[in-house]
Amino acid sequence: KKEEAVVNAKSLPISTLFSIALCKFIKGKKTEKALVDLEDVLTKRKAVPIKGEYAHKKGKGMTSGKYPKNATEQFIKLVKSLQANSNYNSVENPIIVEAIANKASEPYGRFGKVRRKRTHVTLKAREKKK
């Protein structure tokens, strides 16, 4: 029996800044709660806290934030995959203990002027300690 479930995603076409903010947003939550929160971000009911020069948003302890649509859609797929992996590895009540987003190589787009966004994401879930 494995004690953790892991999802690795390489070269996702999403912003690294938004990915880092989403990793902080879902870390420490159960996978079901993370999915609900990510769905709320898509429907603009809940903002993701992001440091920097962004507008203030409503919410407890919230200063600046955004609603990153593309990154959130990719993260929903990853969290669902993490849930499936934890079911397969028979991990009860999985909690996301590690969420890492790293900058990937940025290839040139067609015609060579535009650089594309790429991000590596790793999610790990473990059983909740009693």
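## A walk around the chain, starting at its pocket

The residues lining the largest pocket split into seven nonpolar, three polar and two charged. Before you start clicking, keep in mind that this is a predicted model.

**Stop 1: the pocket.** Select Leu17, Ile20, Ala21, Lys24, Phe25, Pro49, Ile50, Lys51, Gly61, Met62, Thr63 and Ser64, and you have the lining of the largest pocket on screen. Its volume comes to about 260 Å³. Which element gives the most to this lining? That would be α1, with five residues.

**Stop 2: the whole chain.** Zoom out and switch to cartoon. You should be able to pick out three helices and five strands. Their order from the N terminus is β-α-α-β-β-α-β-β. The radius of gyration is 16 Å, close to the 14 Å that the globule rule gives for 130 residues, so the chain is as compact as a globular protein of that length. If you align the view to the principal axes, the C-alpha trace spans about 50 × 35 × 20 Å. Colour by accessibility and 39% of the 130 residues count as buried. Now turn on contacts: for pairs at least 6 apart in sequence, 70% of the contacts join residues at least 24 apart.

**Stop 3: helix α1.** Select 16-26, the range of α1. Eight of the eleven residues here are buried, so α1 is largely enclosed by the rest of the structure. The buried ones are Thr16, Phe18, Ser19, Ala21, Leu22, Cys23, Phe25 and Ile26. What covers them? The cover includes α2, β2, β3 (65-66), α3, β4 and β5. You've met Ala21 and Phe25 already, as both also line the largest pocket.

**Stop 4: tyrosine 54.** Next, go to the loop between β2 and β3, where you'll find tyrosine 54. Is this residue buried or partly exposed? Its relative accessibility is 26%, so tyrosine 54 counts as partly exposed, given that buried means under 20%. Show what is around the side chain: leaving out residues up to four places away in sequence, tyrosine 54 touches Leu17, Phe18, Ser64, Gly65 and Lys66. Draw a C-alpha to C-alpha distance to serine 64 and you should get 5.3 Å, for two residues ten apart in sequence. Leu17 and Ser64 are also on the lining list of the largest pocket.

**Stop 5: helix α2.** Select 31-42. At 1.5 Å a residue, these twelve residues should span 16 Å, and the end C-alpha atoms are 17 Å apart, which agrees. Hide everything exposed and look at who is left: Thr31, Ala34, Leu35, Asp37, Leu38, Asp40 and Val41 are buried. Two aspartates, Asp37 and Asp40, are on that list. As a reminder while you look down the axis, an α-helix has 3.6 residues a turn, so residues three or four places apart point the same way. Among the elements covering the buried residues of α2 are α1, β2 (48-49), α3 (69-88) and β4 (94-103). Just past the end of α2, check the backbone of lysine 44, which takes a positive phi of about 60°.

**Stop 6: threonine 72 and helix α3.** Threonine 72 sits in α3. With 0% relative accessibility, threonine 72 counts as buried. Which residues does threonine 72 touch, not counting those up to four places away in sequence? They are Leu22, Leu38, Val41 and Leu42. Leucine 42 is 30 residues away along the chain, yet the C-alpha atoms of the pair are separated by 6.9 Å.

Now widen the selection to the full helix. The 20 residues of α3 should span 28 Å at 1.5 Å a residue, and the end C-alpha atoms are 29 Å apart, which agrees. Its buried residues are Ala71, Thr72, Gln74, Phe75, Ile76, Leu78, Val79, Leu82 and Ser86. They pack against β1, α1, α2, β4 and β5 (119-127).

**Stop 7: two serines with positive phi.** Follow the backbone out of α3 to serine 90, in the loop between α3 and β4. Serine 90 has a positive phi of about 50° although it is not a glycine. At 34% relative accessibility, serine 90 counts as partly exposed. Then jump back to serine 11, in strand β1 (residues 4-12). Its phi is positive too, about 55°, and again it is not a glycine. Serine 11 is partly exposed, with a relative accessible area of 35%.

Terms used
Residues numbered from 1 in each chain as written. Predicted model: local features only at pLDDT ≥ 70, side-chain atom pairs only at ≥ 80, totals over all residues. Heavy atoms only, no water. Helix = DSSP H or I, 4+ residues; strand = E, 2+ residues; numbered from the N terminus. Expected span 1.5 Å × (residues − 1). Buried < 20%, exposed > 50% of the residue type's maximum accessible area, 1.4 Å probe, protein only. Contact = heavy atoms within 4.5 Å. 1 Å grid on protein atoms, 1.4 Å probe; cavity = no way out; pocket = protein on both sides within 12 Å on 5 of 7 lines; lining within 4 Å. Points joined across faces, edges and corners; volume = space filled by probe spheres on them. Nonpolar A, V, L, I, M, F, W, Y, C, P; charged D, E, K, R; others polar. Rg over C-alpha atoms; globule rule 2.2 N^0.38 Å.
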